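Student: Could you take me through one part of this model closely, namely how its domains are arranged?

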Amino acid sequence: MMAGDVVGIWVVALSDGVYRIEFEHGTTTGKRVVWINGQEVLRRDWMFKLVGKETFTVGGMETKATVNIKAISGFTYEYTLEIDGKSLQKFIDNRSKVTKTWVLQVDGVDCRIVLEKDTMDIWFNGQKMETEGEFVDDGTETHFTVADHECCIKALSSGKKRAGIVHYLMVDGEAVPGWTD
């Protein structure tokens with residue numbers, strides 16, 4: 001990829017992975033190109049209208065994304081990214097409320113586990129996992145297996161109204177520190 005016309009780079013964390021989105025805008029050629037994780041996913045050559053929108057999908061769940069191109073003054077442009085119809089910041093803020101993410105090593109391999117709190121779906125390195133949920137005395141447990149390791153996400157009451165429910169990841173009976181994107 002030629003970096004000469006790259007005008008915007010964004011990193012978007014979805015349940016099925018983390019994606020680097022790059023946008024090229026050739027203001028003299030009218031070219032618009034979208035790259036996701038180094039692969040070209042959209043190309044438009046000889047666009048005479050230099051402002052506007054480019055819409056595409058990101059990830060296996062085909063999440064809608066839009067790059068907005070606005071003229072600021074003269075030949076100066078502003079580029080913003082929307083995900084699922086929301087500004088990137090609003091999307092990130094919302095994701096932090098509805099997902100919990102853990103980054104850890106399993107058998108020496110970097111792993112990313114995402115819990116979607118609203119559906120209780122669990123994603124491991126971009127793959128939706130088969131799970132089994134059960135109610136226990138102090139909350140719920142959602143069980144799944146990763147590379148012969150027994151994993152469990154426990155959902156427990158924090159005892160505080162504002163904090164609500166807290167989620168803990170256990171791998172082979174050991175608690176894993178949480179990290180949220």
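Tutor: Happy to; here is a look at the two domains and the chain that carries them. This is a predicted model, where local features need pLDDT of at least 70, side-chain atom pairs count only at pLDDT 80 or more, and totals for chains, interfaces and linings use all residues. Residues are numbered from 1 along each chain as its sequence is written, and side-chain values use heavy atoms, with hydrogens and water left out.

The domain assignment, an automatic or database one, places domain 1 at 6–84 and domain 2 at 99–175. Their centres, taken over C-alpha atoms, are separated by 33 Å. Seven residues from domain 1 and six residues from domain 2 take part in the contact between them, where contact means heavy atoms within 4.5 Å.

Now for the chain as a whole. The protein chain holds one helix and 17 strands, read as DSSP runs (helices H or I, at least four residues; strands E, at least two) numbered from the N terminus. Its radius of gyration, over C-alpha atoms, is 20 Å, well over the 16 Å that the globule rule gives for 181 residues, so the protein chain is more spread out than a compact globule; that rule is 2.2 Å times the number of residues to the power 0.38. Along the principal axes, the C-alpha trace spans about 65 × 35 × 20 Å.

As for contacts in the protein chain between residues at least 6 apart in sequence, 26% join residues at least 24 apart. Finally, 40% of the 181 residues count as buried, meaning under 20% relative accessible area with a 1.4 Å probe, protein chains only.

Methods
Buried means under 20% relative accessible area, exposed over 50%, partly exposed in between (1.4 Å probe, protein chains only).
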